[in-house]
Amino acid sequence: MNIKENLNHIKSQLPHHVNLVAVSKTKPVSDLMEAYNAGQRIFGENKIQEMVDKYEEMPKDIEWHMIGHVQRNKVKYMAEFVSLIHGVDSFKLLKEINKQAVNHDRIIDCLLQIKIAEEDSKFGMSLQEVKDMVSQEDFMKLNNVNIKGLMGMATFTENTTQIKEEFNRLKTIFDDLKPLQKSNCNLQIISMGMSGDYKLAIDCGSNMIRVGSSIFGARNYNN
Ligand SMILES: *Cc1c(COP(=O)(O)O)cnc(C)c1O
């Protein structure tokens, strides 16, 4: 597995408006450093403790993205340094992120996770839930978060027609919500697409892809 070659290969195919998040969950710091030395600066993790450990060990010009499901009681551990939280799926969680951001005197960028997959196992809000949330008075008081876009995960399937439908669903929801500008909400990012489907995702309007195994190789969850 040559991480630098994989990275360069993927980057050479990406249009300029697409940002690449290198998903490094379960991988050792030595692997992340190979990607770092090849120029990669955005890394995605799905467990807060693992991200904190890597943040402490690695150079400080890295942007750390939390791409996994976030438990409210753990937000405090990453509030000091996280660059973008992709998986915001409730008003309660957003309020907690705002509270911890206040504690650290910063504004934390967030994406709202939208449920686009048929699978019940996937997290996320509906279009209506987002509309209800942003129209509440309490939402306007959250001055230490900034909603920069939406994130979605397609169903885990080989059926590209279905994946495409789900990506299109996220793009449609994005277009519907985009005019809704607030001081703490300004939608620009569509985070969708992983190793198996990022090309399709870009065709469907993604401008941020989250790629793990195509860069770092298959993950082994048993070690
Ligand atoms: C693991 C993960 C990815 C990357 O998956 P690959 O198939 O390895 O590219 C992307 N997004 C999320 C939310 C993930 O948990």
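1. Partly exposed, as used below, means a relative accessible area between the buried limit of under 20% and the exposed limit of over 50%. Asp138 has a relative accessible area of 34% and is therefore partly exposed. The model discussed here is predicted.

2. Asp138 pairs with Lys95 in a salt bridge, with N and O 3.9 Å apart. The two residues are 43 apart along the chain and link distant parts of it: Lys95 belongs to helix α5 (residues 91–103), Asp138 to helix α7 (residues 137–140). Lys95 is partly exposed as well, because its relative accessible area is 34%. The N to O distance of 3.9 Å should be read against the cut-off for a salt bridge, which is 4 Å.

3. A network of salt bridges with shared partners takes in Glu45, Glu50 and Lys54. Within it, the closest N and O atoms of Glu45 and Lys54 are 2.9 Å apart. Are Glu45 and Lys54 buried or exposed? Both Glu45 and Lys54 are buried.

4. Asp61 and Arg41 form another salt bridge, with 3.1 Å between the closest N and O atoms. This pair also links distant parts of the chain, 20 residues apart: Asp61 sits in the loop between α3 and β3 (63–66), and Arg41 in the loop between α2 (29–37) and β2 (42–45). Asp61 has a relative accessible area of 43% and so counts as partly exposed. Arg41, at 29%, is partly exposed too. The count of salt bridges comes to 10. As a general point, side chains of opposite charge can pair when their charged atoms come close.

5. Which residues make up the negative surface patch? The patch is formed by Asp53, Glu56, Glu57 and Glu80. Of these, Asp53 lies in helix α3 (residues 48–57). Its relative accessibility of 37% makes Asp53 partly exposed. Membership of a patch requires over 30% relative accessible area and no salt bridge, and the 37% of Asp53 is consistent with the area limit.

6. Met58 is placed in the loop between α3 and β3, the loop that also holds Asp61. Met58 is buried, because its relative accessibility is 3%, under the 20% limit. How far apart are Met58 and Val29 in sequence and in space? They are separated by 29 residues in sequence and by 7.7 Å in space, C-alpha to C-alpha.

7. Asn184 occupies the loop between α8 and β7 (185–191). With a relative accessibility of 2%, Asn184 is therefore buried. A polar atom of the Asn184 side chain lies 2.9 Å from the backbone oxygen of Phe139. Phe139 falls within the residue range 137–140 of helix α7.

8. Thr155 lies in the loop between β6 (145–152) and α8 (160–177). Why does Thr155 count as buried? Thr155 counts as buried because its relative accessible area is 11%, and the limit is under 20%. The side chain of Thr155 makes a polar contact of 3.4 Å with that of Gln162. The cut-off for such a contact is 3.5 Å.

Methods
Residues are numbered from 1 along each chain as its sequence is written. This is a predicted model: local features need pLDDT of at least 70, side-chain atom pairs count only at pLDDT 80 or more; totals for chains, interfaces and linings use all residues. Side-chain values use heavy atoms; hydrogens and water are left out. Patches are made of residues with over 30% relative accessible area and no salt bridge: like charges are joined within 9 Å, nonpolar side chains (Val, Leu, Ile, Met, Phe, Trp, Tyr) within 5 Å. Accessible areas come from the Shrake-Rupley method with a 1.4 Å probe; for residues, only the protein chains shown count as cover. A salt bridge is a side-chain nitrogen of Lys or Arg within 4 Å of a carboxyl oxygen of Asp or Glu. Lys and Arg count as positive and Asp and Glu as negative; His and the chain ends are not counted. The place of a charge is taken as NZ of Lys, CZ of Arg, CG of Asp or CD of Glu. Helices (H or I, at least four residues) and strands (E, at least two) are DSSP runs, numbered from the N terminus. Buried means under 20% relative accessible area, exposed over 50%, partly exposed in between (1.4 Å probe, protein chains only). A polar contact is a pair of N or O atoms within 3.5 Å; within protein, one must be able to donate a hydrogen and the other to accept it, and residues adjacent in sequence count only if both atoms are side-chain atoms.
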